[in-house]
Amino acid sequence: MEAVKKRGLFSKFLDVVEKVGNKLPDPVTLFILFALAILVVSHFAAMAGLSVINPGTNEEVKAISLLTKTGFQEIMTKMVTNFANFPPLGLVLVTMIGVGLAEGVGLISALLRKVVQAAPKKMITFAIVFAGVLANMAGDAGFIVLPPIAALVFMSVGRHPIAGMAAAYAAVAGGFSANLIVNMLDALLAGFTQTAAEIVNPDIVVNPAMNFYFLLGSCFIIVPLAIWVTEKIVEPRLPEYTGPTFSMEPLKSEELKGLKLAGLAAVLFLALVAVTIVPESGWLRGEDGGIVISPFMSSLVPVIMGLFLFPALAYGFTTKSLRNDKDVANEMGKAMSSMGLYIIIAFFAAQFIAYFNWSNLGIIMAVNGAELLQGIGFKGLPLLIGFILFSAFLNLFIASASAKWAIVGPVFVPMFMLLGYSPAFTQLAYRIGDSITNPITPMFAYFTILLALAKRYDKNLGLGSLISIMLPYSIVFGIAWITFFAIWYFLGLPLGPGAVIEYPLGG
């Protein structure tokens with residue numbers, strides 16, 4: 001009775017979360033409202049004569065009203081350039097050329113199936129979790145492809161399909177900021193971080209790989225923990241599965257051949273990239289021969305695109321999913337068409353961020369916020385953990401990682417810079433918080449797909465029951481990731497190529 005009561009209270013809480021989240025406007029509407037709010041607030045801030053001294057330049061910064069003739073002219077004349085020069089737009093669309101083609105020709109699906117099918121029975125959970133973490137390199141494809149495959153794989157060896165499905169979803173969603181390579185999400189978030197950091201330092205340059213070392217290390221944390229939660233907590237709590245069994249068909253010969261040639265294409269492409277950076281005279285090395293600060297770091301997005309594009313071409317022509325150049329162009333077009341909503345969001349996000357920068361509200365909020373935090377002594381690790389938990393809570397209501405970062409980045413990146421923390425470190429804290437609650441937020445579009453899939457194996461499974469299955473992943477991931485973050489912080493380890501924890505004031 002006590003257990004039933006607790007579950008009932010928890011389900012009521014989840015109902016409240018779902019109800020509140022459903023009442024939030026669409027991200028497009030949110031950015032429109034935020035942009036309008038900036039116009040009004042900037043006017044009153046200017047009337048009040050708000051100003052601060054920028055610690056980075058020692059210059060006075062005054063609030064500027066955008067509800068003036070000059071402000072109106074700037075809004076109208078720069079609307080197109082705000083959108084065209086919006087850093088995340090080009091980064092994501094260029095990356096999507098390769099990723100979208102790889103997904104369209106079936107390379108991503110075949111690769112995930114191969115990884116899972118090739119694993120011994122004792123290693124099935126590992127294979128699914130590891131494939132889930134790697135699936136993040138293909139953006140959202142892993143959410144669609146892997147959970148149903150994992151459910152079938154678990155069924156084929158007599159295990160509960162919902163356990164396999166949960167493990168796959170937790171790995172993709174909860175491990176969204178852990179990976180072995182720099183991927184599309186790195187490029188996307190870096191664009192927003194660049195724009196936010198320019199509020200304090202217009203000359204600063206960030207790169208998509210700035211969190212890579214930490215995210216690589218996170219794989220060795222998330223993968224074993226996801227396996228442990230699946231086998232020790234989730235699976236034992238599920239009732240015995242008595243439904244139909246399934247035997248997964250092996251990959252076809254042309255798919256296997258396509259994977260081999262795709263792997264060869266990837267190796268050849270990486271070899272060509274190595275030629276540009278390994279020799280001291282490599283074309284993508286810096287003027288002083290360096291790699292950390294070099295044209296190579298500014299070329300990571302084209303490199304990521306190529307790493308998907310050329311294997312996708314090899315796989316597509318081998319399996320006959322591509323037959324000519326027109327098919328290639330059509331698949332790329334389909335990939336771009338799937339980005340329509342993102343492009344709309346990017347347009348309004350670009351206007352909002354531009355207004356935020358023009359009004360100087362960002363730097364004013366950052367300086368005052370930093371002074372407030374310093375005044376009450378809330379700084380260091382407690383401050384950073386607080387920001388992680390704030391991001392995790394916000395993720396329950398706004399699931400889009402890029403949409404949230406576009407909103408909070410312009411405030412927290414410059415604020416933390418003024419407290420001595422680099423943009424890369426602030427972005428890392430945000431990414432941890434964003435990933436922790438991904439497995440349990442009903443606002444995530446793919447969560448409803450997961451629920452529909454789970455009902456195939458248990459028609460009585462409800463939203464609260466599914467979240468109770470996924471909740472242990474969020475709790476364990478959260479504790480472990482924050483602990484890992486704290487250790488990294490105390491050791492002062494670099495976060496990625498050219499990225500450290502501290503940000504020198506005035507630099």
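User: If buried means under 20% relative accessible area and exposed means over 50%, is T426 of this predicted model buried or exposed?
Analyst: The model is a predicted one, and T426 is found in helix 19, which covers residues 423-436. Its relative accessible area is 0%, and since the limit for burial is under 20%, the residue falls on the inner side of that limit. The class that follows for T426 is therefore buried.

User: Which residues does T426 touch, not counting residues up to four places away in sequence?
Analyst: The 0% relative accessible area of T426 invites a look at what surrounds this residue of helix 19. Once residues up to four places away in sequence are set aside, the residues that T426 touches are F387, W405, F412, V413, F416 and Y421.

User: Which residues of helix 17 are buried?
Analyst: Helix 17 runs over residues 380-394, and one of the residues touched by T426 of helix 19, F387, is among its buried members. The complete set of buried residues in helix 17 is G380, L381, L383, L384, F387, I388, S391, A392 and L394.

User: How many Å apart are the end C-alpha atoms of helix 17?
Analyst: Helix 17 has 15 residues, and at 1.5 Å a residue these should span 21 Å. The end-to-end separation of its C-alpha atoms agrees with that expectation, because the value found in the model is 21 Å.

User: How far does helix 15 reach from its first C-alpha to its last?
Analyst: Helix 15 is made of the 20 residues 340-359, for which 28 Å is expected at 1.5 Å a residue. The reach in the model is close to that expectation, from the first C-alpha to the last, at 29 Å.

User: Which residue follows helix 15, and what is its phi?
Analyst: Most residues other than glycine have a negative phi. The residue after helix 15 has a positive one, and it is found in the loop between helix 15 and helix 16, the latter covering 361-376. The residue is N360, and its phi is near 70 degrees.

User: How accessible is K320, whose phi is positive, in relative terms?
Analyst: K320 is found in the loop between helix 13 (300-319) and helix 14 (325-337), and its phi is near 70 degrees although the residue is not glycine. Partly exposed describes values between the buried and exposed limits of 20% and 50%. K320 counts as partly exposed because its relative accessibility is 47%.

User: Which residues is A196 in contact with, leaving aside its neighbours within four places in sequence?
Analyst: A196 has its place in helix 10, residues 184-197, and is buried, with a relative accessible area of 1%. One of its partners, P410, is 214 residues apart from A196 in sequence, yet their C-alpha atoms are 4.4 Å apart in space. Beyond the sequence neighbours, the contacts of A196 are G409, P410, V413 and P414.

User: What separates the C-alpha atoms of L67 and S42?
Analyst: L67 sits in the loop between strand 2 (59-62) and helix 3 (69-77), and at 44% relative accessibility this residue counts as partly exposed. Leaving aside neighbours within four places, L67 is in contact with L39, V40 and H43. L67 and S42 are 25 residues apart along the chain, and the separation of their C-alpha atoms is 7.8 Å.

User: How many nonpolar, polar and charged residues are in the lining of the largest cavity?
Analyst: With a lower limit of 30 Å³, the count comes to 1 cavity, and its volume is about 60 Å³. Among the residues that line this cavity are F176, S177, N183, D186, F212 and R431. By class, the lining has 6 nonpolar, 3 polar and 2 charged.

User: What percentage of the residues of the protein count as buried?
Analyst: The protein contains 21 helices and 2 strands, and it exposes about 22,600 Å², of which carbon and sulfur atoms supply 67%. Of its 507 residues, the part that counts as buried is 55%.

Conventions:
Residues are numbered from 1 along each chain as its sequence is written. This is a predicted model: local features need pLDDT of at least 70, side-chain atom pairs count only at pLDDT 80 or more; totals for chains, interfaces and linings use all residues. Side-chain values use heavy atoms; hydrogens and water are left out. On a 1 Å grid over the protein atoms alone, a cavity is a set of points where a 1.4 Å probe fits but cannot get out, and a pocket is an open set with protein on both sides within 12 Å along at least five of seven lines; lining residues have an atom within 4 Å of a point. Grid points are joined across faces, edges and corners, and a volume is the space filled by probe spheres set on the points. Ala, Val, Leu, Ile, Met, Phe, Trp, Tyr, Cys and Pro count as nonpolar, Asp, Glu, Lys and Arg as charged, and the others, Gly among them, as polar. Helices (H or I, at least four residues) and strands (E, at least two) are DSSP runs, numbered from the N terminus. The expected span of a helix is 1.5 Å times one less than its number of residues. Buried means under 20% relative accessible area, exposed over 50%, partly exposed in between (1.4 Å probe, protein chains only). Contact means heavy atoms within 4.5 Å. Accessible areas come from the Shrake-Rupley method with a 1.4 Å probe; for residues, only the protein chains shown count as cover.
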